[in-house]
Amino acid sequence: MTRRFLFVLGSSRTGGNTETLARRAAEQLPAGTEQHWLPLAEHPLPDFEDLRRDGDHVRPPASSTEGTLLDATLAATDIVIASPLYWYSVSGLTKRYLDHWSGWLRTPGVDFKATLAGRTLWGVTALAHEEPEVADPLIGTLNHTAAYMKMRFGGVLLGNGSRRDDVLDDTGALTRAKTFFAQEAPLARFPYER
């Protein structure tokens, strides 16, 4: 299957450290690899409303923001969540996108979970902290999402930076970016499954 990467940008600003690091990693993809970049700040989703027991789920129109994100997600072989570390986890924009996955799981005719099973979820984040362990909640969120969906999880590319372009001084992150998407991503597992 030809790989199609969806880069979901979860920052409230463009050109931040997380996006810069994601773009550096994407530069290493083989020529011709399809890349679709979707900044969530430019595709705002409404708050997720859980209708599990109270309503019917319908597929959002393709022309809507939710429809655009759903179709892009379904079309991707590789989904890259590029979210800055906000309060030790993913950004609010990213969390809202992931919350909508709950609705997509129940949308008739979409087969969301079966479609994503076996595909790969990746993460990229920049943090303004020296100890990478502070990103463990973000990593856990993405790993557990992938495990629930029976996806592969390629891990999270971590970079350091607070001011714009600080991540370009993180030589370790830039080195890891060169091979990040080349690694084999294992099937995600919950910690209790290991």
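**Note on a predicted model: Thr18, the parallel strands and the aromatic cluster**

1. Thr18 counts as buried because its relative accessibility is 5%, where the cut-off for buried is under 20%. The model is a predicted one, and this residue is a convenient place to begin reading it. Thr18 belongs to helix α1, which covers residues 17-26, and its side chain comes to 3.0 Å from the backbone nitrogen of Ala126. Apart from neighbours within four places in sequence, the residues in contact with Thr18 are Ala82, Ser83, Pro84, Val124, Thr125 and Ala126.

2. Ala126, the partner of that side chain, points from strand β4 the same way as Thr120, Trp122 and Val124, while Leu121, Gly123, Thr125 and Leu127 point the other way. In general, side chains of a regular strand alternate between the two faces of the sheet. The residues on both sides of β4 are all buried; since this amounts to 8 of the 8 residues of the strand (residues 120-127), β4 is largely enclosed by the rest of the structure.

3. Which strands pair with β4? Strand β3 (residues 78-82) and β4 pair in the parallel sense over 5 bridges, with Leu121 of β4 as the bridge partner of Ile79. Strand β5 (residues 152-160) and β4 also pair in the parallel sense, here over 7 bridges, and Ala126 stands opposite Gly159 in β5. Between β4 and β5 the chain passes through helix α5 (residues 136-148), and the resulting β-α-β crossover is right-handed.

4. Strand β1 is largely enclosed by the rest of the structure, because 5 of its 6 residues are buried. The pairing of β1 with β2 is parallel and runs over 6 bridges, Val8 having Leu38 as its bridge partner in β2. From β1 the chain crosses through α1 to β2, in a β-α-β crossover that is right-handed. β1 and β3 pair in the parallel sense over 5 bridges, and Leu9 stands opposite Ala82 in β3; Ala82 is also among the contacts of Thr18.

5. The structure holds 13 aromatic pairs. One of them joins Phe5 and Phe7, whose ring centres are 6.0 Å apart and whose planes meet at 20 degrees, so the pair is stacked. Phe5 counts as buried because its relative accessibility is 1%, and Phe7 is buried as well, with a relative accessible area of 0%. Phe7 also pairs with Phe181, and this pair is edge-to-face, at 5.9 Å centre to centre and 80 degrees between the planes. The two residues are 174 residues apart, Phe7 lying in strand β1 (residues 4-9) and Phe181 in the segment after α6 (171-177), so that the pair links distant parts of the chain. Is Phe181 buried or exposed? Like Phe7, Phe181 is buried.

6. Ring pairs join Phe5, Phe7, Trp37, Trp122, Phe180 and Phe181 into a cluster, to which β4 contributes Trp122. Trp37 has a further partner in Arg23, which lies over the face of its ring at 3.9 Å from the ring centre. Elsewhere, the charged end of Lys113 sits over the ring of Tyr148, 3.9 Å from its centre.

7. Helix α2 (residues 65-75) has Gly67, Leu69, Leu70, Ala72, Thr73 and Leu74 buried. Their cover includes the strands β1, β2 (34-39) and β3 together with the helices α3 (92-104) and α4 (112-116).

Note on methods: Residues numbered from 1 in each chain as written. Predicted model: local features only at pLDDT ≥ 70, side-chain atom pairs only at ≥ 80, totals over all residues. Heavy atoms only, no water. Helix = DSSP H or I, 4+ residues; strand = E, 2+ residues; numbered from the N terminus. Buried < 20%, exposed > 50% of the residue type's maximum accessible area, 1.4 Å probe, protein only. Polar contact = N/O pair within 3.5 Å; in protein donor to acceptor, adjacent residues only side chain to side chain. Contact = heavy atoms within 4.5 Å. Pairing = 2+ DSSP bridges. Right-handed = clockwise from strand over helix to strand, strands pointing away. Phe/Tyr/Trp six-rings, centres within 6.5 Å; stacked < 30°, edge-to-face > 60°. Lys NZ or Arg CZ within 6 Å of the ring centre and 35° of its normal.
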